Amino acid sequence: MQSNEAPVSMEVEAVPSEPSSASAALPPKPIFEPLKAHEMSDGRVQFRKVSVPPHRYSPLKKVWMEICTPVYKQMKIDIRMNLKGRKVELKTRADTPDVSNLQKCSDFVQAFMLGFDVIDAIALLRMDELYVESFEIKDVKTLRGEHLSRAIGRLSGKGGKTKFAIENATKTRIVIADTKIHILGSFANIKVARDSLCSLILGSPAGKVYSKLRAVTARLAERF
């Protein structure tokens, strides 16, 4: 037998959910000031030491105040010369605004020790995207005796003409210290300068390197 009664549907009344009183009573989001250098290291003083090579000792004496002034006054980093250990010592202070200032100052002093002028090396303190890259001639090609001397001559050119041309074209600074080469500049510019120097080491004539350099720098100028 089938029942004649229609199925009864159950209706559930939807009750709007109310925000919980706990979430409504949340305090405002706190705003914290940036931590200072000495607070980030739990009050510990951070040090850096830069060794002074024997041939840079006399030049360092002459320009000591030019190195000290921006490091101490602008970057708020303590600096002193350890005469016994022949090292320049740097350390953070309570009022050092940024913990990265210590590394910037260390890079600045290190760049001077590699042979860069203070006026060029000081750019490391003021700009973030600058680096120093070093390599040796033997990393590119193994040369000995007269061949090595001629390669160094090709890098410098007559009266430093080739080196200055590469520096001006790539907006870098180059130091050739015996068989070591140091380049100061931005990442892209260092690559262009290094490629030109490597071509000269491998024996390319200066004229060919100049023409290739002009083409590359023109492309870089269009990109940026």
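Me: Helices here are DSSP runs of H or I with at least four residues, numbered from the N terminus. With that settled, which element gives the most to the lining of the largest pocket?

Reply: Happy to help! This is a predicted model, and in it H12 gives the most to that lining, with eight residues. The helix H12 covers residues 206–223, and H11 covers residues 187–201.

Me: How do the axes of H11 and H12 cross?

Reply: They come within 10 Å, and the crossing angle is roughly 165°.

Me: Why is H11 called roughly antiparallel to H12?

Reply: Angles over 145 degrees count as roughly antiparallel. The axes of H11 and H12 cross at roughly 165°, so H11 is roughly antiparallel to H12. The crossing is also right-handed.

Me: Which residues meet where H11 and H12 are in contact?

Reply: From H11 come Asn 189, Val 192, Ser 196, Ser 199 and Leu 200, and they meet Ala 206, Val 209, Leu 213, Val 216 and Leu 220 of H12. By class, this contact has seven nonpolar and three polar residues, and no charged ones.

Me: And what is known about the largest pocket?

Reply: Its volume is about 340 Å³. It has 16 lining residues, and the closest to the centre are Lys 191, Val 192, Asp 195, Val 216 and Arg 219. H11 and H12 are the elements that give two or more residues to the lining.

Me: What makes Lys 191, Asp 195 and Arg 219 charged?

Reply: Lys, Asp and Arg are among the residue types that count as charged. The whole lining divides into six charged, seven nonpolar and three polar residues.

Note on methods:
Residues numbered from 1 in each chain as written. Predicted model: local features only at pLDDT ≥ 70, side-chain atom pairs only at ≥ 80, totals over all residues. Heavy atoms only, no water. Axes fitted to C-alpha atoms, helices over the stretch in contact; angles between N-to-C directions. Parallel < 35°, antiparallel > 145°, perpendicular 65-115°, else oblique. Left-handed = near helix turned anticlockwise from the far one by under 90°. Contact = heavy atoms within 4.5 Å. 1 Å grid on protein atoms, 1.4 Å probe; cavity = no way out; pocket = protein on both sides within 12 Å on 5 of 7 lines; lining within 4 Å. Points joined across faces, edges and corners; volume = space filled by probe spheres on them.
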